[in-house]
Amino acid sequence: MAIDKSLKDMTFEDYCRTVFNTTKRYDKPEVLKGIRCVSTTQYILGPSCAAYLAELGAETIKVELPKRGEPMRHTTPFNEPFLYPLSRWMPDKGTGLGFFGANPNEYFLSLDFHKPEAIQIMKRLAAKTDVFAENYRAGTFDRWGIGYRQHAQVNPRVIYQWMGGFGGWGPGRNRASYDILGQAQGGCFSITGWHKEYGGMPSKQTIWIMDYWGGAISAFNILACLYWRDNVSGKGNFLEYSQVHGAQRHLTDFISLYGKTGIVPQRFGNFEPLLCVHGILKCGKSSYPNSKNPQEQEVGFCLVSAYKDDDFQKLCKMINRPDLAKKYPTHADRVGADAQMAIYPELEKFAADKTKEEVDKACKANGILSQPVWNSKEVAANEHWHMRGTLQWLDDPTFGDVLTQGPAYQLSDTPARVRWAFKPVGADNEYILSKLCGYSGSHIAELEQKEII
Amino acid sequence: MPFKDASLILQCPKCDTINYLDPFTFWNFKGKIKCAGCDTVYEYALKNGHRQGAPKETKGPHDKLPGFAQSKDWKPITTAGKVAAAPQAREDFQGKPIPISKSIRGKLVSGKPLSAAELVGSVPKIFYNGV
Ligand SMILES: [Zn+2]
């Protein structure tokens, strides 16, 4: 965007508000427009990779088994929060909300890979596609004749991202992986969870963090290869991503600490091994005591950070315990495990008759950094995020009014966007097969009749 | 590979019913499964989601039921006792399941089972017609 006079004279905040205006993002071009991606992925790891490209404007075609679709459509939270229909053949079945967030903007093609005609369709698509994203078990597509080696013969510029648990070679390659397995084997769980004084259990991350992270890294690989293909070599590339190796990339200093000293880091729960006070306090009262939802009735939690010496003094004054400030005046006095185990219970005594909001208010009034631990309801109601478009109500063409996350990043001239949350299985069969394979309506109807699509 | 030999599926050799085996329950499984179509009980084994051979007819009682099944002409079988019940949350924990047709802010959302007559292509009629 050329910086015109009106923009030049704005404050920085007004400038950002103008160029990132989320109400205008559907009017602007998409940065990956012209790139075509075929996604034969399931669950979260692979789909999220394809979704990131689709949010940036790549024409992304998701290929699923006919009628029933991929397993994530049926892997839902409890209590059947489905969106209907699953497919035009199954109006009384729905897609679970677990499918949300990993499949926006995609075109939905159904193909039964067990039939030779479906393999032919995949080869026709390969000739016209820039990127393949795939997370079947390693080597499955190669065996079926639709892997990178076969596609590259038809289209040497194809970029093929395989994603999986343990890699396509090596003794551990044959295990199937899930997010939780990646986190366990990669070493993440060993350092998240409770200190031994609090029970010692490792804690699992409830969100599928290794899936979404792996999808992001895979999309990052793909963008690098598109650059190399289009600006350097003219050639495609075969890419492999292992979820377990990706989990290891998160381990910050823990691996080098072991390498240097032999120390195996311990869990420290809601406290922080490097700083004190810098953790989560349990408050004594619920913010919603009259709610019917037991999760809202439970007591609240509040993050408090006051690790600098003078902030810690303020905090001790706030809870009326100046003796603690005297006993633990410096960082070195406070950061040891015994000191932390003495300090946090005193803070929780202060919070025992308060809600998380009351603790937060007291901290802020005393110049101490704090933040109540928000639940989904509180996150969903936050004006800041709706204004910035990271959360949005979407008038979805198939499913109606849905609340969804958007991209966390902003691009001034070519913003990412969510056009639709997802679609039923096979919703775009006619569009894709006529446009990319040149099939007639009657041919497509015949494929449907033979249960190939 | 024929469809019926794909992993995590038991296509009944007698009645052709396709019994879908839920991956969490059947990923590593050796035991008896009852066909949702004709009630024949089969010995069946799966290892890492791969079937270890054809289903072998045997006598009941069965160990587990398929999670979902459909007849050869794609009619879903959902009768209790033929397929396993869906996992249910505790009502006191997450609330009672209610199929909804309005979002939390009161606008239309396609959140309840539809009949074929309520569809236009892949889109519920209420959205297609704009009502
Ligand atoms: Zn049968």
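Which side chain does R17(A) meet in a salt bridge? The partner is E13(A), with 2.6 Å from N to O. I start there because the two residues sit four apart in helix 2 of chain A, residues 12-19, and that spacing is about one helical turn. As a reminder, side chains of opposite charge can pair when their charged atoms come close. Please keep in mind throughout that this is a predicted model.

How many salt bridges does a search of the whole structure find? Over all chains, the number is 30. Between chain A and chain B, the count is one. That one brings together the side chains of R105(B) and D401(A), at 2.9 Å from N to O.

Let me stay with the two chains. On the chain A side, 33 residues are in contact with 42 residues of chain B. The size of an interface is often given as the accessible area lost when the parts come together. Here chain A and chain B bury about 3300 Å² between them. Of that area, 60% is on carbon and sulfur atoms.

Next, strands. D401(A), which we met in the salt bridge to R105(B), falls within strand 13 of chain A, residues 400-405. Strand 13 runs antiparallel to strand 12, residues 391-396, and six bridges join the two. A hairpin of three residues connects strand 12 to strand 13. If you want one pair to look for on the screen, take W393(A), which stands opposite L403(A).

Chain B has an open sheet of four strands, in the order 1-2-7-8, with antiparallel pairing. Which strands are at its edges? They are strand 1, residues 9-11, and strand 8, residues 76-77, and each pairs on one side only. Strand 1 is joined to strand 2, residues 18-20, by three bridges. In that pairing, Q11(B) stands opposite I18(B). In a regular strand the side chains alternate between the two faces of the sheet.

Now the empty space. The structure holds two cavities of 30 Å³ or more. The largest has about 50 Å³ of space. Its lining includes V19(A), F20(A), R25(A), K28(A), L411(A) and P415(A). By class, that lining divides into four nonpolar, four polar and two charged residues.

The second largest cavity has a volume of about 30 Å³. Among the residues that line this second cavity are E55(A), F100(A), P104(A), T404(A) and Q405(A). Its lining has four nonpolar, three polar and one charged residues. T404(A) and Q405(A) line that cavity, and they also fall within strand 13 of chain A, residues 400-405.

Last, some backbone details in chain A. Most residues other than glycine have a negative phi, and most peptide bonds are trans. Where, then, are the cis peptide bonds I want to show? One joins Y84(A) and P85(A), with omega about 0°. P85(A) lies in the loop between strand 3, residues 82-83, and strand 4, residues 95-96. Another joins C276(A) and V277(A), with omega about 5°. V277(A) is in the loop between helix 10, residues 254-261, and strand 9, residues 278-282.

For phi, look at N105(A). This residue is not a glycine, although its phi is positive, about 65°. The loop that holds N105(A) runs between strand 4 and strand 5, residues 107-110, of chain A.

Technical notes
Residues numbered from 1 in each chain as written. Chains lettered and ligands numbered in written order. Predicted model: local features only at pLDDT ≥ 70, side-chain atom pairs only at ≥ 80, totals over all residues. Heavy atoms only, no water. 1 Å grid on protein atoms, 1.4 Å probe; cavity = no way out; pocket = protein on both sides within 12 Å on 5 of 7 lines; lining within 4 Å. Points joined across faces, edges and corners; volume = space filled by probe spheres on them. Nonpolar A, V, L, I, M, F, W, Y, C, P; charged D, E, K, R; others polar. Pairing = 2+ DSSP bridges. Contact = heavy atoms within 4.5 Å. Buried area = accessible area lost by both parts, 1.4 Å probe. Salt bridge = Lys/Arg side-chain N within 4 Å of Asp/Glu carboxyl O.
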